[in-house]
Amino acid sequence: MNTQTLFQQHITALEHSWGEALQQTMPDCDAILVHSGSSHNYFADDHAPPFKAWGHFLRWAPLDRPDQFVLFVPGHKPRVLALVPRDFWHDQTLTTESWWADCVDITCMENLSELASLLPQVSSLVFLGENRTLAVELGVPAAAINPASLLSWLDYDRAVKTDYEISRLREANAHALSGHAAAEQTFRAGGDEYDIHHAYLAACRVLDQELPYSNIIALNEKAAILHYQNKRRYADRASQPANKVLLIDAGCRAYGYCSDITRTWAADDAHPVFHDLLNGMQTLQATLVGSVKPGVSFADLHRQAHLAIAQLLVDAGICHGDAETLVSNGTSTVYFPHGLGHLLGLQVHDVGGRLANRSGELAPPPDAWPGLRNTRSLDAGAVVTIEPGLYFIPALLETARKSAMAKSINWTLTEALMPFGGIRIEDNVLATVDGADNLTRNAVTGSR
Ligand SMILES: [Mn+2]
């Protein structure tokens, strides 16, 4: 199916679900205005951080720039109200490819002050977006600015992707894999974190600011830092430590849709037990991916991951005891302290992961794992990450050493493995009616 047909079907689906959401949650309103967001300068500065449009806006129009609007009136073609300032400092050209632009009506404004004249009666308008001041200036009643009932409904529904969205997520995966291949090569060739980062960007032909999140490029012991943000570089190569382990967590975006992929590579001369752990993690990650299907509770999958990781720790000789006990007494959490994954879409950690239903009731995380970002049962069409990890994190190990857990840990082996940091393996997985479609492993990579 061609992109325009897919996008038209996507818009039709949005019109249906947003129409129902509006009618159910804000029955006195008859239109929704969605704002991409405003650009905000740093404090006392005339520079702003890179802009990212809001997910609920991007779903209608792939315009990743500030002060763009979508006006949704049930029964009418969606209208894009685009601010295109007269500006000789920046390129303000509005890119409107026909595959999406033909599915909406586009009106351009030179100044935000023109917006009010383009809107229907504001007393029955809902405003969605970060800029409350703008909504108030437009005259939108307070109760119709980001109403929680409507936002919960839209957030909840966003977990299930349309075919258009799935095709973009596949594209974002294929795109990122070219960077991951280059990163592995650069790691094996002895590059430092800076080199690996740039090899990734160059292979994907992207700029830093176009990434869905800052690349995590962690060599050796830094692989134990979950969101390691630095890129170590060595002017004097003689002082650069040998590459033993690379943990790279990096994605790409396709018209706003994100991929979020982690790979861990080990040099041949890494600790043999680390190689065993890496093989074990590859296997258990693939098993967890295979467990994705409609109706499965993500919290149950997370628990399944803990049991499998605990068993791996026992098999490798790092922990003593049985897996159940190591999970219930918190030992597995020392090595695997984050959640198994999250919803994925227009945001890397997509919205609605803790909603029990459209009405906004919450599905709280299990007491043992308060950080779990997705607590829902999976619906067909939902896309999640599956990203088990196993790390040697000095701060968590220090605490464990002073606790009752200490006696179930082989400290000699744990210490020997600390220089190797850790392991995370992450794929993006679609729940289908038949089970799981691994969008990462099944991505069709080609030349770009
Ligand atoms: Mn992730």
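The following conversation goes through some ring pairs and strands of a predicted model.

Trainee: Why is the aromatic pair of Phe-7 and Trp-99 called edge-to-face?

Mentor: The planes of Phe-7 and Trp-99 stand at 85 degrees and their centres are 5.2 Å apart; because centres within 6.5 Å make a pair and planes over 60 degrees apart count as edge-to-face, the pair of Phe-7 and Trp-99 earns that name. The pair also links distant parts of the chain, with Phe-7 in helix α1 and Trp-99 in helix α3, 92 residues apart.

Trainee: What makes Phe-7 count as buried?

Mentor: Phe-7 has a relative accessibility of 1%, and since buried means under 20%, Phe-7 counts as buried. Trp-99, with a relative accessible area of 11%, is buried by that cut-off too.

Trainee: Why is the pair of Trp-99 and Tyr-164 called tilted?

Mentor: The ring centres of Trp-99 and Tyr-164 lie 5.9 Å apart, with the planes at 35 degrees; planes under 30 degrees apart would count as stacked and those over 60 as edge-to-face, so the angle of 35 degrees leaves this pair tilted. Trp-99 lies in helix α3 and Tyr-164 in helix α6, so the pair ties together parts that are 65 residues apart in sequence. Tyr-164 is buried, at a relative accessible area of 2%, and ring pairs link Phe-7, Trp-99, Tyr-164, Tyr-255 and Tyr-257 into a cluster.

Trainee: How do you know that Arg-168 is placed at the ring of Trp-99?

Mentor: Arg-168 lies over the face of Trp-99, at 4.6 Å from the ring centre, where the distance cut-off is 6 Å. The charged end of Arg-376 likewise sits over the ring of Tyr-156, 3.8 Å from its centre.

Trainee: Turning to the strands, why is β14 described as largely enclosed by the rest of the structure?

Mentor: The description rests on a count, because 6 of the 6 residues of β14 are buried. Both of its faces are covered, with Asp-427, Val-429 and Ala-431 on one side and Asn-428, Leu-430 and Thr-432 on the other.

Trainee: What makes β11 and β14 a pair of strands?

Mentor: Strands pair if there are at least two bridges between them, and β11 and β14 have 4, running in the antiparallel sense. In β14, Val-429 is the bridge partner of Val-384, while Leu-430 stands opposite Val-383. Leu-430 also has a bridge partner in β15, namely Asp-437; β14 and β15 are antiparallel, joined by 4 bridges, and form a hairpin with 2 residues between them.

Note on methods:
Residues numbered from 1 in each chain as written. Predicted model: local features only at pLDDT ≥ 70, side-chain atom pairs only at ≥ 80, totals over all residues. Heavy atoms only, no water. Phe/Tyr/Trp six-rings, centres within 6.5 Å; stacked < 30°, edge-to-face > 60°. Buried < 20%, exposed > 50% of the residue type's maximum accessible area, 1.4 Å probe, protein only. Lys NZ or Arg CZ within 6 Å of the ring centre and 35° of its normal.
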